[in-house]
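Work through these short exercises with the structure open. Try each task before you read its solution.

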Amino acid sequence: MKEILEKLQLKDVNVGACAGPDDWYEDPAGEEIVSYNPTTGEPIARVLQATEKSYEQVLKLAVEGFKTWRMMPAPKRGLIVRDLGEALRVKKEPLGDLVTLEMGKIRAEGHGEVQEMIDICDFAIGLSRQLYGLSMHSERPAHRMYEQWHPLGAIGVITAFNFPVAVWAWNAVIAAACGDTTVWKPSSDTPLTAIAIQHIANEVMADHGLKGIFNTTIGRGAIIGERMINDQRLPLISFTGSTKMGRRVAEAVARRFGKTILELGGNNAIIVAEDSDLDMAVRSILFGAVGTAGQRCTSTRRIITHKSIAPDLSKRIVKAYKQVTIGDPIEEGTLMGPLVTKGAVEDMMAALERAKEQGGEVLFGGSRLPDLGEQFVEPTIVKMPRQTEIVHNETFAPILYLMEYEDIEEAIRLHNEVPQGLSSAVFTTNLLTAEKFLSHEGSDCGIANVNIGTSGAEIGGAFGGEKETGGGRESGSDAWKGYMRRQTNTINWSRELPLAQGIKFGD
Amino acid sequence: MVPKVSLETPIEDLVQKFPEAVGFLTRNGIRCIRCGEPLWCTIGELLEEEKILDPQKTIDELNEFLE
């Protein structure tokens with residue numbers, strides 16, 4: 001562990017506010033938090049949290065930094081992002097290990113998350129030459145009309161524990177290519193990965209004589225989070241977290257007419273049709289429901305199976321669950337690590353009690369695994385008689401609810417009945433079923449897949465969901481537009497002054 | 001007995017210091033962890049949002065549970 005920390009320049013006590021290579025702001029008034037290893041319960045290192053004072057120092061440099069950064073041609077910004085990607089390649093191993101150490105996801109997933117950061121850097125390099133606006137034919141003679149995209153400013157990025165590094169990259173790297181600076185408030189459960197990234201970004205920025213581009217303020221939501229969402233200097237807040245917190249963020253930011261990108265709760269389902277390839281379905285269900293110990297926004301939480309194959313599918317899923325190796329996530333061969341906090345374990349157990357009260361039958365799991373550690377649980381399968389209240393709620397844990405349907409219309413109705421709308425999938429070999437699921441009378445989610453599961457999105461597509469998932473889009477496709485402001489320009493190159501709609505005014 | 005928590009206790013503190021409180025509250029239909037992250041408000045604010053008629057009674061029961 002010590003070696004990992006040293007490679008990432010982490011100390012026993014780290015400062016939680018930074019705006020550049022020589023701009024770490026240490027305020028002794030800040031409260032210390034301890035980052036614990038969820039596998040062992042042992043402390044990894046401590047962080048001196050940001051205060052109002054150090055937040056102000058960071059914000060000042062982020063706003064100043066924007067004035068320089070926005071004037072650098074976008075393709076040149078892309079070259080600096082390329083350097084960041086290279087630096088991440090060099091640090092991939094220790095950074096991926098730190099993700100595992102601090103958050104508890106298995107090593108392959110921790111390293112995969114850093115790879116996602118590298119991928120998004122590669123994407124952003126190309127993007128920096130493709131920040132296109134449209135041009136339109138003007139209805140007025142000798143006029144030219146077009147639109148262009150300008151950077152927004154310093155942007156607030158608030159992320160959750162479950163993807164402690166990739167979600168930062170989705171936001172900060174795209175924002176950087178767009179000409180924005182970012183101020184990051186990571187989860188208080190994963191502050192060390194944030195500091196490690198800040199060190200990496202600082203080294204790259206130092207090579208270019210820059211500061212204030214990538215900034216971090218680690219602190220409580222009630223202090224730093226609230227300060228950010230109410231800060232007029234942050235024109236955009238990108239928030240990843242729960243629907244309940246997202247509502248609070250949206251209301252606060254809207255009050256000051258700021259913009260938001262909201263990436264909120266999911267309650268993702270897979271419909272398994274009677275004609276599906278069950279081997280493929282089971283493998284996808286296992287990865288979707290058990291991967292990251294069920295703590296992904298896109299984790300599979302509901303299975304809606306055609307009643308003719310439901311008994312067979314249940315047996316196959318239970319058999320697959322029995323083969324899941326649970327243990328230290330850093331060890332090769334482990335498929336499921338611990339939950340992130342003791343509170344998360346309590347939340348899961350309480351949800352299971354409610355599921356049973358509502359008629360649920362536990363087919364597999366349902367227990368804590370104290371021999372492995374306080375935060376280890378069994379991945380759990382619960383057969384539900386119907387889609388009850390607990391199934392409508394997202395529990396951030398490896399609980400999988402099984403339900404049955406008679407026809408595809410009922411399956412889609414059940415699928416869309418929950419308030420969330422992030423990710424979805426159907427397993428079928430019937431073209432009509434697949435197309436119906438993808439059509440406007442099909443899945444109401446932002447992500448809809450055929451014959452692959454709900455989780456494990458690529459960076460090239462826009463990531464996000466509808467309804468209580470918040471409607472935000474991050475990462476690929478044209479999600480970059482959320483980090484810029486659109487300006488429509490009309491240029492009159494005649495010596496006349498014709499008005500639109502043919503209006504005559506004082507002629 | 002000195003009460004461990006009050007209406008003014010931030011949820012972020014509660015979850016860190018008394019994780020078992022999460023289960024107690026969830027079993028009573030009050031979820032203070034969402035998506036694995038604690039809410040940013042105090043317990044009192046959460047109970048008010050959840051329209052709990054007698055918030056102090058819930059706090060008393062929670063303190064009793066934590067003893």
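**Exercise 1.** Is A:K91 buried or exposed? Place the residue in its surroundings as well.

*Solution.* Keep in mind that this is a predicted model.
- Step 1: Locate the residue. A:K91 sits in the loop that joins α3 and α4 (92-103) of chain A.
- Step 2: Count its neighbours. There are 21 other C-beta atoms within 10 Å of A:K91.
- Step 3: Apply the cut-off. A residue is buried if 20 or more lie within that distance, so A:K91 is buried.
- Step 4: Look for contacts. Leaving out residues up to four places away in sequence, A:K91 touches A:L8 and A:I200.
- Step 5: Compare sequence with space. A:K91 and A:K7 are 84 residues apart in sequence, yet their C-alpha atoms are 8.0 Å apart.

**Exercise 2.** Describe how α3(A) and α7(A) cross.

*Solution.*
- Step 1: Take the axes of α3 (residues 74-90) and α7 (residues 191-207), both of chain A. They come within 9 Å and cross at roughly 135°.
- Step 2: Classify the angle. Angles over 145 degrees count as roughly antiparallel, and 65 to 115 as roughly perpendicular. The two helices are therefore oblique to each other.
- Step 3: Give the hand. The crossing of α3(A) and α7(A) is right-handed.
- Step 4: List the residues. α3(A) brings A:I80, A:D83, A:L84, A:A87 and A:L88, while α7(A) brings A:I200, A:A201, A:E203, A:V204 and A:D207.
- Step 5: Sort them. Seven are nonpolar, three are charged and none is polar.

**Exercise 3.** How many residues of chain B are in contact with chain A?

*Solution.*
- Step 1: Count both sides. 16 residues of chain B contact 29 residues of chain A.
- Step 2: Find the main supplier. α2(B) gives the largest share of chain B's side, five residues.

How values were computed: Residues are numbered from 1 along each chain as its sequence is written. Chains are lettered from A and ligands numbered from 1 in the order in which they are written. This is a predicted model: local features need pLDDT of at least 70, side-chain atom pairs count only at pLDDT 80 or more; totals for chains, interfaces and linings use all residues. Two residues are in contact if their C-beta atoms, placed from the backbone, lie within 7 Å. Helices (H or I, at least four residues) and strands (E, at least two) are DSSP runs, numbered from the N terminus. Axes are lines fitted to C-alpha atoms, for helices over the stretch in contact, and angles run from 0 to 180 degrees between N-to-C directions. Angles under 35 degrees count as roughly parallel, over 145 as roughly antiparallel, 65 to 115 as roughly perpendicular and the rest as oblique. A crossing is left-handed if the near helix is turned anticlockwise from the far one by less than a right angle, and right-handed if clockwise. Ala, Val, Leu, Ile, Met, Phe, Trp, Tyr, Cys and Pro count as nonpolar, Asp, Glu, Lys and Arg as charged, and the others, Gly among them, as polar. A residue is buried if 20 or more other C-beta atoms lie within 10 Å of its own, exposed if 12 or fewer, and partly exposed in between; C-beta atoms are placed from the backbone.
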